[in-house]
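Grab a pencil and work through a few exercises on the fold you are about to see. Try each task yourself before reading its solution.

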Amino acid sequence: MPIKLAPGVITGNALKDLNAVCKEYSCALPAVNVISSEGIGAALAAASEAKAPIIIQFSNGGGSFYAGKGLSNDKHQGAIAGSIAGALSVHHLAKAYGVPVILHTDHAARKLLPWIDGLISYSELHYKQHGMPLFSSHMLDLSEDSLDDNLNTCAEYLERMNKLGMTLEIELGITGGEEDGVDNSGVDHADLYTKAVDVLQAYDKLNSIGNFTVAASFGNTHGVYSPGNVTLKPEILKESQELVAKERGTKVKPLDLVFHGGSGSEQAKITEAVSYGVVKFNIDTDTQWAFTEPVRQYIDEKRDYLMRQIGNPEGAEKPNKKHIDPRTYLANGAKNMTARLVQSFRDLNAYGKFEF
Ligand SMILES: [Zn+2]
């Protein structure tokens with residue numbers, strides 16, 4: 001790769017350059033949702049093992065969970081505090097692990113904009129103190145609005161974020177399925193496919209303002225479903241790239257694209273989507289499963305050691321302290337989550353490709 005990355009959080013044009021290199025070499029980076037320190041550690045360990053940068057993202061619910069459910073989230077204070085605390089932890093730990101990281105937030109519908117406002121305000125403070133924002137990028141998902149409303153709001157946010165070297169991810173069309181309390185499982189099938197002309201309109205609106213990425217829908221769905229329930233049409237991504245390149249006379253693959261609902265996708269469709277300029281691949285359900293499965297296994301196997309504090313099959317007075325310690329099974333979950341993410345780097349053709 002013709003790029004050398006520094007450990008720590010990547011922002012601004014360094015991120016733009018990284019995305020360009022990913023497109024040139026037809027590889028993408030996994031974007032993993034984290035909710036806890038175990039998830040952060042698992043993600044950083046995966047980046048270290050795969051020798052590639054990783055995208056760590058907080059959803060509104062994930063940020064609130066990170067802060068602890070004891071902190072109210074009625075005015076988004078839980079999600080704001082938790083996302084900031086998690087991000088600060090990532091800044092520190094990324095350097096300790098020696099890996100480059102992109103820090104991002106997941107879907108923010110219009111009602112969640114106060115959460116993003118709080119985070120951008122903190123990034124402005126962070127920029128004054130450290131010359132860089134706290135987050136590399138935020139996503140606004142205003143796909144429920146009209147295209148004009150969606151893009152007008154995105155343009156306002158990008159103006160503010162661009163001053164800090166931040167990238168904006170927008171959504172055009174709707175990602176199907178259900179995630180983090182947003183249920184799109186009942187939407188009209190036609191809405192699950194973005195139109196190339198809409199992507200061109202977004203390009204015209206945002207390209208002169210700052211760096212942005214596009215989550216275009218091509219039938220992708222949050223969650224993992226039985227085969228046959230999801231029809232992916234990655235050619236929509238190709239059509240969008242070609243339309244913008246032709247109409248605006250840009251080089252090939254002018255857009256940095258995002259693949260939502262990556263869990264459970266067929267490898268051939270992943271490879272095809274990446275070849276059309278997908279640089280970010282969201283993975284959540286598969287890593288949730290990777291974390292939970294060994295925890296369930298542990299509880300099943302150790303059942304007789306987890307029924308009381310004293311007394312197990314080895315003796316009525318044997319203490320169970322080491323079996324009860326949550327670190328035992330949380331570490332198993334984190335280890336398996338790392339393995340799943342390393343697999344994702346391989347699936348996305350990013351394994352071992354980078355220098356840092
Ligand atoms: Zn998504």
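Below are five exercises, each with a worked solution.

This is a predicted model, in which local features need pLDDT of at least 70 and side-chain atom pairs count only at pLDDT 80 or more, while totals for chains, interfaces and linings use all residues. Residues are numbered from 1 along each chain as its sequence is written.

**Exercise 1. The whole chain**

Task: work out how many helices and strands the protein chain has, and how its radius of gyration compares with the globule rule.

Solution. Start by counting: there are 12 helices and 14 strands (DSSP runs numbered from the N terminus, H or I of at least four residues for helices, E of at least two for strands). Next, the radius of gyration is 21 Å, close to the 21 Å from the globule rule for 356 residues, so the chain is as compact as a globular protein of that length. Here the radius is taken over C-alpha atoms, and the rule is 2.2 Å times the number of residues to the power 0.38. Finally, look at burial: 47% of the 356 residues are buried, that is, 20 or more other C-beta atoms, placed from the backbone, lie within 10 Å of their own.

**Exercise 2. Around strand 5**

Task: find which strands pair with strand 5, and in what sense.

Solution. Take strand 4 (residues 100-105) to begin with: its pairing with strand 5 is parallel, over two bridges (pairing needs at least two DSSP bridges). In that pair, T105 sits opposite H138. Now turn to strand 6 (residues 167-172), which is also parallel to strand 5, over four bridges; there S137 faces T167.

Then trace the connections. Helix 5 (residues 113-130) joins strands 4 and 5 in a right-handed β-α-β unit, and helix 6 (residues 147-162) does likewise for strands 5 and 6. Right-handed means that, with the strands pointing away from you, the path from the first strand over the helix to the second runs clockwise. Last, check the side chains of strand 5 (residues 137-140): S137 and M139 point one way, H138 and L140 the other, and all are buried.

**Exercise 3. A three-stranded sheet**

Task: give the strand order of the open sheet of three strands, and say which strands stand at the edges.

Solution. The order reads 8-7-10, with mixed pairing. Strand 8 (182-183) and strand 10 (221-222) each have a single partner strand, so one side of each lacks a neighbour in the sheet. For the detail, strand 7 (residues 176-179) runs antiparallel to strand 8 over two bridges, with E178 opposite D183.

**Exercise 4. Helix 4**

Task: compare the span of helix 4 with its expected length, then see what covers its buried residues.

Solution. The 21 residues of helix 4 (residues 77-97) reach 30 Å from first C-alpha to last, close to the 30 Å expected at 1.5 Å a residue (1.5 Å times one less than the number of residues). Its buried residues include G82, G86 and V90. Among the elements covering them are helix 2, strand 4 and helix 5, with contact meaning C-beta atoms within 7 Å. Just past the helix, G98 takes a positive phi of about 75°.

**Exercise 5. Placing S344**

Task: is S344 buried or exposed, and which residues does S344 touch?

Solution. First locate S344, in helix 12 (residues 326-347). S344 has 27 other C-beta atoms within 10 Å, so it is buried. Leaving out residues up to four places away in sequence, S344 touches P30 and I283. To finish, the C-alpha atoms of S344 and L29 are 8.3 Å apart, though 315 residues separate them along the chain.

Definitions and conventions. A residue is buried if 20 or more other C-beta atoms lie within 10 Å of its own, exposed if 12 or fewer, and partly exposed in between; C-beta atoms are placed from the backbone. Two residues are in contact if their C-beta atoms, placed from the backbone, lie within 7 Å.
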